[in-house]
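Here are a few short exercises to work through with the model open beside you. Try each task before reading its solution.

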Amino acid sequence: MDSNHIPVFIAFTSILTRYVPGAQKRWSRGIDFRISSSALVLSQLRAIKIVGLAPSMATHLQAARQHEMDMSLRRRFFSCLNWVFGKS
């Protein structure tokens, strides 16, 4: 590697590391929301089945999981870029 590129890689990596913690926090909040929703549904499972809300709750939990995965994409993107440029 040309020594002229090293400062560019260091600057780019330091900029990327600024965004990772915020993306991590958003993803963690998504995980917390999904887990608390799942715990609530499991604690009320009998009542949910009796009332007939099981399909609706399954849809809600699946949507929470999808939302969590969407939030994780940004964190994984920054982590991958950081890894690639950190290894260069």
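pLDDT is the predictor's confidence in each residue, on a scale from 0 to 100. It applies here since this is a predicted model.

**Exercise 1.** Find which helix of the protein chain has the lowest confidence and which has the highest.

*Solution.* Start with the whole chain: its mean pLDDT is 85, and 90% of the residues reach 70 or more. Next, go helix by helix. The lowest mean, 85, belongs to helix 1 (residues 6-43), while helix 2 (residues 45-51) has the highest, at 95. A general caution is useful here: where pLDDT is low, predicted coordinates should not be read in detail.

**Exercise 2.** Describe the secondary structure of the protein chain and its order along the sequence.

*Solution.* First count the elements: there are 3 helices and 0 strands. Then read along the sequence, which gives the pattern α-α-α. Now turn to the contacts with a separation of 6 or more: 79% of them join residues 24 or more positions apart.

**Exercise 3.** Work out how much of the protein chain is buried, and what its exposed surface consists of.

*Solution.* Of the 88 residues, 18% are buried. The chain exposes about 6,500 Å², with carbon and sulfur atoms supplying 65% of that area.

**Exercise 4.** Is Glu-68 buried or exposed, and which residues does Glu-68 contact?

*Solution.* Begin by locating Glu-68 in helix 3 (residues 54-87). Its relative accessible area is 3%. Buried means under 20%, so Glu-68 counts as buried. Finally, set aside neighbours within four places in sequence; Glu-68 is then in contact with Trp-27, Gly-30, Ile-31 and Arg-34.

How values were computed: Residues are numbered from 1 along each chain as its sequence is written. This is a predicted model: local features need pLDDT of at least 70, side-chain atom pairs count only at pLDDT 80 or more; totals for chains, interfaces and linings use all residues. Side-chain values use heavy atoms; hydrogens and water are left out. Helices (H or I, at least four residues) and strands (E, at least two) are DSSP runs, numbered from the N terminus. Buried means under 20% relative accessible area, exposed over 50%, partly exposed in between (1.4 Å probe, protein chains only). Contact means heavy atoms within 4.5 Å. Accessible areas come from the Shrake-Rupley method with a 1.4 Å probe; for residues, only the protein chains shown count as cover.
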